[in-house]
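Biologist: Could you walk me through one part of this structure in close detail, and then show me how it fits with what lies around it? I would like to begin with a specific pairing and work outwards.

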Amino acid sequence: MWPYVIRRVLATLPVLGVVAVIVFLLLRLSPGDPAAIIAGDNASADDILAIRAQLGLDRPMLEQFLLWLGQLLRGDFGKSIYLSRPVLGLIAERVEPTLALSLSTMAFAIALAIPMGVLAAWRAGSWIDQTIMAVSVLAFSVPVFLIGYGLVIGLSLSLDLLPVQGFVSLTEDPVAFVRHLVLPTVALGLVYTALLARITRATMLETLNEDFIRTARAKGLAEPRVLILHGLKNASVPIVTTIGTGLALLIGGVVVTESVFAIPGIGRLTIEAVLQRDYPVIQGVILAIAFVYVLVNLVIDLSYTLLDPRIRY
Amino acid sequence: MTGLAVSQPVLVVEGLRTEFATGEGHPMVAVDGLSLYVRRGETLCIVGESGCGKSLTALSILRLLPRPYGRIGAGRVLLDGQDLVQVTEAEMRAVRGRAISMIFQEPMSSLNPVITIGRQIAETVMVHEGLDWADCMDRALAMLRQVRIPEPERRLQEYPHQLSGGMRQRVTIAMALACRPRLLLADEPTTALDVTIQAQILDLIRDLQAKTGTAVVLITHDLGVVAEMAERVLVMYAGTKVEEAGVEELFDNPTHPYTRGLMAAMPHLGGAGGGRRRLHEIEGVVPSLMARPAGCAFAPRCELATERCRREAPPLVGIGGTHSVACWVTAGEGVLA
Amino acid sequence: MATTAIAAADPAVDAVRRRPGLLRRFRRYPLPALGVLLLAALVTSAIGAPWFAGQDPFEMNVVDRLQPPSGDYWFGTDAYGRDIFSRTLHGGRVSLVIGVAVAAASTLIGLLIGVVAGYFRTADAVLMRIMDGLMAIPGILLAIALMSLTRASLWVVIVAITIPEVPRVVRLVRAVVLSVREQVYIQAATAIGTNFPRLMLKHILPNTLAPLIVQATYIAASAVLVESYLSFLGVGTPPEVPSWGNIIAEGRLYVQIAFWNILFPSVFLALMVLSINVLGDGLRDMLDPRLARRL
């Protein structure tokens with residue numbers, strides 16, 4: 001077990017390294033002078049030179065990369081050009097809303113998608129299945145802002161049930177925290193729900209055709225037990241894998257959702273940074289999020305042993 | 001065994017008709033008008049080539065036909081007089097695994113790979129007898145001992161992939177017998193196993209049957225298994241019963257041309273090792289259930305077939321004792337072979 | 001001889017060869033058929049926008065600003081008094097171009113890299129690590145970063161959306177190439193004298209075609225959605241271009257008083273993405289049922 005864990009952890013290093021190279025090259029390989037772009041249209045030649053020096057763009061490429069990598073390894077993600085503050089600090093300030101929204105969305109989606117997928121597979125081909133699948137493909141296609149503004153107009157503006165936008169910290173007011181999360185969670189969650197419902201249905205469909213399901217029924221077990229204990233547990237590996245890879249989709253949606261609901265999270269930080277050409281912030285956000293993505297998928301990989309005893313390392 | 005127990009069958013199937021919806025109007029008939037019975041402590045073997053409907057007969061008895069296409073079109077399945085075709089799904093669940101158990105052909109795939117052996121046996125007990133979990137696990141342990149699995153305490157905590165094929169089939173038997181069923185349906189229980197293991201498993205089933213008095217319906221295509229296990233034999237062809245007799249009568253006096261074909265394909269019966277061979281040496285193939293011939297289903301492959309055989313399906317007629325056969329040609333000729 | 005055996009053994013290839021009547025397919029796959037009809041309607045409305053729209057999408061009538069839908073303005077007007085019906089139809093053109101261009105570009109690039117990765121063992125390790133790295137960055141985030149590098153234009157949007165989509169195609173193609181490779185090796189051993197690379201190529205295309213078409217469809221749907229997200233966030237198509245995302249981004253300021261500003265372009269967007277996805281599902285079921293598990 002442990003040798004595998006170590007191997008698996010080490011295997012993430014090249015991926016993170018590649019991410020670092022990609023992020024590094026983004027700025028350097030872009031057409032035009034990045035320093036000029038960052039400085040903006042009204043910048044003087046001196047401003048551009050200053051920015052170039054600040055970013056180290058005047059040095060040889062390899063030296064730049066090694067310097068930058070060295071900083072990263074020391075946990076120094078650089079400084080915001082616009083705010084002159086460490087990027088990591090900026091990210092830390094904005095992490096709570098994004099984390100809260102992502103986690104609540106995952107919980108919402110998983111709670112909704114798995115019963116949907118199981119039910120659809122259980123009654124494959126029936127009207128229940130067809131309805132669930134039609135709803136899924138619809139949910140997968142509707143843009144976040146259509147659902148978001150629809151909910152805002154329907155529930156907040158007309159009925160005044162929930163706050164229209166914004167975010168309240170959990171430590172500040174837990175009730176307001178939850179109330180502010182409801183609409184963004186639903187708006188963002190539907191896409192992820194659709195994705196998970198589809199994979200759940202597909203794997204359950206396969207599992208329910210297995211001989212051991214017939215055995216379970218022949219033992220006189222009730223259908224819920226057959227489906228959940230015998231079916232879902234066997235189907236769990238692909239579902240959990242999709243929860244992990246779907247994170248990329250989820251994070252993309254978070255950026256849009258934060259914008260729709262004016263949530264001051266990392267997505268908003270990114271957009272602000274892009275509009276201000278605050279390149280170190282953009283780099284830092286991408287690196288941080290890629291790191292989280294790789295980490296989550298690593299944990300999921302390692303969890304397979306718990307889900308399926310046949311997987312041994 | 002008391003006279004009453006002998007005369008009263010545990011299971012009686014009358015005129016069972018199993019159909020599959022095809023989406024093209026009329027359904028496909030997989031089992032057609034099948035009747036059978038089995039008494040306490042008795043073993044009935046159902047023999048036939050694959051696709052003849054023998055497995056579907058067992059699944060029909062348990063009402064486990066594949067959804068949503070399979071269904072029982074007609075007939076009665078009487079378990080101690082209660083018609084299982086008519087009971088509710090909840091009542092049926094109480095029958096499955098408790099009054100009637102089933103073991104399947106593939107011990108590799110019929111156990112759940114992600115649940116320990118102990119839990120898989122114990123959950124049957126828990127569902128049917130509502131005991132404490134600890135008591136259920138005790139029963140599971142006792143069952144593993146009964147099916148002679150070495151180191152049962154350790155096996156309890158293991159997963160199916162950690163066991164050999166023979167051991168797994170012992171586990172499925174332990175699971176099937178955990179609630180002391182009145183009837184055990186065994187669908188090709190030894191087909192997937194090595195020859196030496198086959199004999200052990202058959203011995204085990206026979207031993208446990210003697211101890212518990214359970215009735216056994218054993219489905220097989222292997223006449224060696226039939227000779228070893230059966231008291232009575234039912235030969236199926238293309239969804240219908242073509243011949244039924246006591247085991248000795250059948251081997252001494254096979255009457256239906258199909259049964260004779262099966263026997264002929266098995267050269268040294270009773271010789272060393274049982275001389276088991278697959279039943280595919282008869283010329284031709286089983287007709288598709290979609291394109292069943294008008295007359296006798298076996299007629300296209302039958303050397304003795306007459307015009308009448310092709311036109312009209314033969315009824316099942318008694319030819320002495322409990323021996324009955326469905327054939328226009330050989331039913332009348334008496335004991336000749 | 002052996003060649004046809006391999007090709008025929010593959011149900012995907014088989015399915016492409018057998019072509020039942022169009023009507024039968026329609027009946028058998030009603031949902032994809034509806035998707036195709038809806039998509040055809042949307043494409044027609046987009047291509048024919050200059051003729052159907054009636055009004056200039058850029059013409060401002062400040063007197064008529066933020067008018068609700070009416071006989072004159074079917075979908076109402078925006079803050080500058082521009083006709084939203086006309087803008088929405090024209091917005092379809094942008095989405096159409098982006099959907100088609102991104103699907104084509106990412107499929108072609110992905111096919112190329114995938115074949116190289118599947119064929120050359122040494123390149124494989126490097127290329128796949130790069131793909132893993134790209135996949136670790138959420139697509140929209142990468143696109144946003146790419147957009148920030150240079151002045152926005154339709155072409156930059158296409159490039160920015162294409163790059164994150166490439167790894168998915170590469171993985172698909174590579175998987176097919178590797179499995180074909182196994183088959184071809186066996187075959188090459190028996191049919192000595194055949195040119196191995198040529199044999200490979202002959203099998204790669206037929207085997208990748210079905211899954212690639214399906215994947216390209218899904219990518220087109222995703223690209224249309226991502227473009228609208230980028231524009232909505234203000235980092236996409238140049239704001240003067242009436243793309244659906246831009247119309248919605250402008251309209252969001254008036255969502256409380258003039259919801260039609262975002263409703264109609266959003267619905268058109270949703271319908272286009274939906275119809276492409278439904279088409280993709282239908283193609284997947286028709287061309288390669290096994291693909292359902294891989295995606």
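**A strand and its surroundings**

Modeller: Happy to! Arg232(B) stands opposite Gly246(B) in β10(B). This is a predicted model, so please read everything below as a description of a computed structure. Arg232(B) belongs to strand β9, residues 232–237 of chain B, and that strand is the part I would pick for your close look.

Let's take the two partners of β9(B) in turn. With strand β10 (residues 240–246) of chain B, the pairing is antiparallel and runs over six bridges. The two strands form a hairpin with two residues between them, and there Ala238(B) adopts a positive phi near 50°. With strand β3 (residues 43–47) of chain B, by contrast, β9(B) pairs in the parallel sense, over four bridges. For a concrete place to look on that side, find Ile46(B), which faces Leu234(B) of β9(B).

How much of β9(B) is buried? Five of its six residues are, so the strand is largely enclosed by the rest of the structure. For chain B as a whole, 46% of the 337 residues count as buried.

Now zoom out to the sheet. β9(B) sits in an open sheet of eight strands, ordered β6-β7-β8-β3-β9-β10-β12-β11 in chain B, and the pairing in this sheet is mixed. The parallel pairing of β3(B) with β9(B) and the antiparallel pairing of β9(B) with β10(B) show both senses on the two sides of our strand. At the edges stand β6 (100–103) and β11 (317–318) of chain B; each has a single partner strand, so one side of each is left without a neighbour in the sheet.

Chain B has another sheet worth a glance. Here four strands form an open sheet in the order β2-β1-β4-β5, with antiparallel pairing. Its edge strands are β2 (28–39) and β5 (82–83) of chain B, and because each has a single partner, one side of each lacks a neighbour in the sheet. At the β5(B) end, strand β4 (residues 70–79) of chain B pairs with β5(B) in the antiparallel sense over two bridges, and Leu78(B) stands opposite Asp83(B) there.

Altogether, chain B contains twelve helices and twelve strands. Taking its contacts with a separation of 6 or more, 63% involve residues 24 or more positions apart.

From here we can step over to the neighbouring chain. Contact between chains B and A involves 24 residues from chain B and 19 residues from chain A. On the chain B side, α3 (89–95) and α4 (117–129) are the elements that give two or more residues, and α4(B) contributes the most, with four. By class, that side of chain B has twelve nonpolar, seven polar and five charged residues.

Chain A also touches chain C, where 41 residues of chain C are in contact with 40 residues of chain A. The elements of chain C that each supply at least two residues to this side are α7 (121–135), α8 (139–147), α10 (196–232), α12 (260–287) and α13 (291–294). The largest share, nine residues, comes from α12(C). The side of chain C that touches chain A has 28 nonpolar, nine polar and four charged residues.

The UniProt annotation "transmembrane region", from an unreviewed entry, covers several stretches of chain C, among them residues 96–120 and 253–280. Residues 96–120 of chain C are 96% helix and 0% strand, with end C-alpha atoms 36 Å apart. Residues 253–280 of chain C are 75% helix and 0% strand, and the end C-alpha atoms lie 35 Å apart.

One last stop, inside chain A: the axes of α11 (residues 247–260) and α12 (residues 266–275) come within 7 Å and cross at roughly 85°. α11(A) and α12(A) are therefore roughly perpendicular to each other. In this contact, Val254(A), Val255(A), Glu258(A) and Ser259(A) of α11(A) meet Gly267(A), Arg268(A), Thr270(A) and Ile271(A) of α12(A). By class, these residues divide into three nonpolar, three polar and two charged.

Note on methods: Residues are numbered from 1 along each chain as its sequence is written. Chains are lettered from A and ligands numbered from 1 in the order in which they are written. This is a predicted model: local features need pLDDT of at least 70, side-chain atom pairs count only at pLDDT 80 or more; totals for chains, interfaces and linings use all residues. Two residues are in contact if their C-beta atoms, placed from the backbone, lie within 7 Å. Ala, Val, Leu, Ile, Met, Phe, Trp, Tyr, Cys and Pro count as nonpolar, Asp, Glu, Lys and Arg as charged, and the others, Gly among them, as polar. Axes are lines fitted to C-alpha atoms, for helices over the stretch in contact, and angles run from 0 to 180 degrees between N-to-C directions. Angles under 35 degrees count as roughly parallel, over 145 as roughly antiparallel, 65 to 115 as roughly perpendicular and the rest as oblique. UniProt positions are given in the numbering used here, feature names are shortened, and annotations may be inferred rather than shown by experiment. A residue is buried if 20 or more other C-beta atoms lie within 10 Å of its own, exposed if 12 or fewer, and partly exposed in between; C-beta atoms are placed from the backbone. Two strands pair if DSSP finds at least two bridges between them.
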